[in-house]
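Work through the exercises below with the sequence and the coordinates side by side. Each task is followed by a solution that goes step by step.

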Amino acid sequence: MQRAVARVLRGLRGLRAPPVRALCAAAGTPPRGLLYERHGEPADVLQLKELELPALGHSDVLIKMLAAPINPADINMIQGTYALLAPLPAVAGSEGVGRVLEVGPGVVALSPGDCIIPADAGLGTWRTHAVLPEHSLLRVPGDVPLLCAATLSVNPCTAFRMLSDFESLAPGDSVIQNAANSGVGQAVIQIAKAMGIRTINVVRDRPDLPQLVERLLALGADHVVTEDALRKPEMKEIFKSIPKPRLALNCVGGRSTTEMLRHLQPKGTMVTYGGMAKQPVTVPVSAFIFRDVRLRGFWMTQWKKDHAHAVLASLRGTHAGWS
């Protein structure tokens, strides 16, 4: 499976990346960042300020940020509603890609010119420059496209883990997901395609629906349906050619989740990793009693904490392989 994911990541350069609003460092200007000193709506609390960088320590790395996306979790952190909150005042942003400018004498795995991404959330990537400890950074191959590297540590990793950890999927199996045009949704489509897993992708109706369907099909989606179609006979037609899914991925909540759950196989698993509708997950009692469905949750940050030692050992070997 890891080889399949690697092929997908390499292949992303030929596909249209999801829209990313990037914060780019301007050469020759003092270090600056978007800070917040209290929680609230971003437009009310974010301030663009010059930053005073600490002296480069023994195991520190000076980096220049090249691009950083805006994720829903970033907004929630600024609002103070996320499960992980940085001490105030804080620089916003959890994801991004930067280039190493200088390293301390004790740095062993990074060199000037390397591209890096944060190892954990909450480092504050909406800035031009930063001095950070080596253990908080991961080196990425230089041939990974810039916008793909900037969005590598959250969405593709979430997609890969959810496809790997909850059901033993085999080629020919199927997965159903809502918010299929999200960053995670597009990664699920591509990784599942590389694994030989069929995908049923649910999106909201919209004026440009034909263009969206065409784009998701080009990424490798097998079927794209609207939320309203989940209750219509066309779903029966889909399941004449592919098996009902053993895994459902929910990023929405509310009615979308309830309708999607109806198509899950008995003893199947639905994993919730987001709640864009801000509505609860509602499950009919009959789904538990007669079909024994399983409801699980997933948060990439918690997964990293739970697997910190194994991840560190793996990354040491990966760094050696990229040298």
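The exercises move from the whole chain to one helix, then to salt bridges, and finally to a single serine.

The model is predicted, so local features need pLDDT of at least 70 and side-chain atom pairs count only at pLDDT 80 or more, whereas totals for chains, interfaces and linings use all residues. Residues are numbered from 1 along each chain as its sequence is written, and side-chain values use heavy atoms, with hydrogens and water left out.

**Exercise 1. Describe the chain as a whole.**

Step 1: Begin with secondary structure, taken as DSSP runs numbered from the N terminus (helices are H or I of at least four residues, strands are E of at least two); the chain has 12 helices and 14 strands.

Step 2: Turn to burial, where buried means under 20% relative accessible area, exposed over 50%, and partly exposed in between, with a 1.4 Å probe and protein chains only. By this criterion 47% of the 323 residues are buried.

Step 3: Consider the surface, computed by the Shrake-Rupley method with a 1.4 Å probe, only the protein chains shown counting as cover for residues. The chain exposes about 16000 Å², of which carbon and sulfur atoms supply 55%.

Step 4: Examine the contacts (heavy atoms within 4.5 Å): of those between residues at least 6 apart in sequence, 70% join residues at least 24 apart.

**Exercise 2. Determine how helix α9 is covered, and by which elements.**

Step 1: Helix α9 spans residues 254–261, and seven of its eight residues are buried.

Step 2: The buried residues are G254, S256, T257, T258, E259, M260 and L261.

Step 3: These residues pack against the strands β9 (174–177), β12 (247–250), β13 (269–272) and β14 (294–297), as well as against helix α10 (285–289).

**Exercise 3. Locate the partners of three salt bridges and state how accessible each partner is.**

Step 1: A salt bridge requires a side-chain nitrogen of Lys or Arg within 4 Å of a carboxyl oxygen of Asp or Glu, and the structure holds 12 of them.

Step 2: In one of these, the closest N and O atoms of R246 and E167 are 3.3 Å apart. The pair links distant parts of the chain, 79 residues apart, with R246 in the loop between α8 (234–238) and β12, and E167 in the loop between α5 (155–165) and β9. R246 is partly exposed at 23% relative accessible area, while E167, at 13%, is buried.

Step 3: D222 and R198 form another bridge, with closest N and O atoms 3.1 Å apart. Here D222 lies in the loop between α7 (209–219) and β11 (223–226), R198 lies in strand β10 (residues 198–203), and 24 residues separate the two. Both are partly exposed, D222 at 22% and R198 at 29%.

Step 4: D292 and R294 meet in a salt bridge at 3.8 Å, N to O; D292 is partly exposed at 31%, and R294 is partly exposed at 37%. Separately, R231, R255, E259 and R262 are joined into one network by salt bridges that share partners.

**Exercise 4. Is S94 buried or exposed, and which residues does S94 touch?**

Step 1: S94 lies in the loop between β4 (90–91) and β5 (97–103), and with a relative accessible area of 11% S94 is buried.

Step 2: Leaving aside residues up to four places away in sequence, S94 touches D74, M77, P118, D120, A121, G122 and T125.

Step 3: With G122 there is also an atom-level detail, since the side chain of S94 reaches the backbone nitrogen of G122 at 3.2 Å.

Technical notes. Polar contact = N/O pair within 3.5 Å; in protein donor to acceptor, adjacent residues only side chain to side chain.
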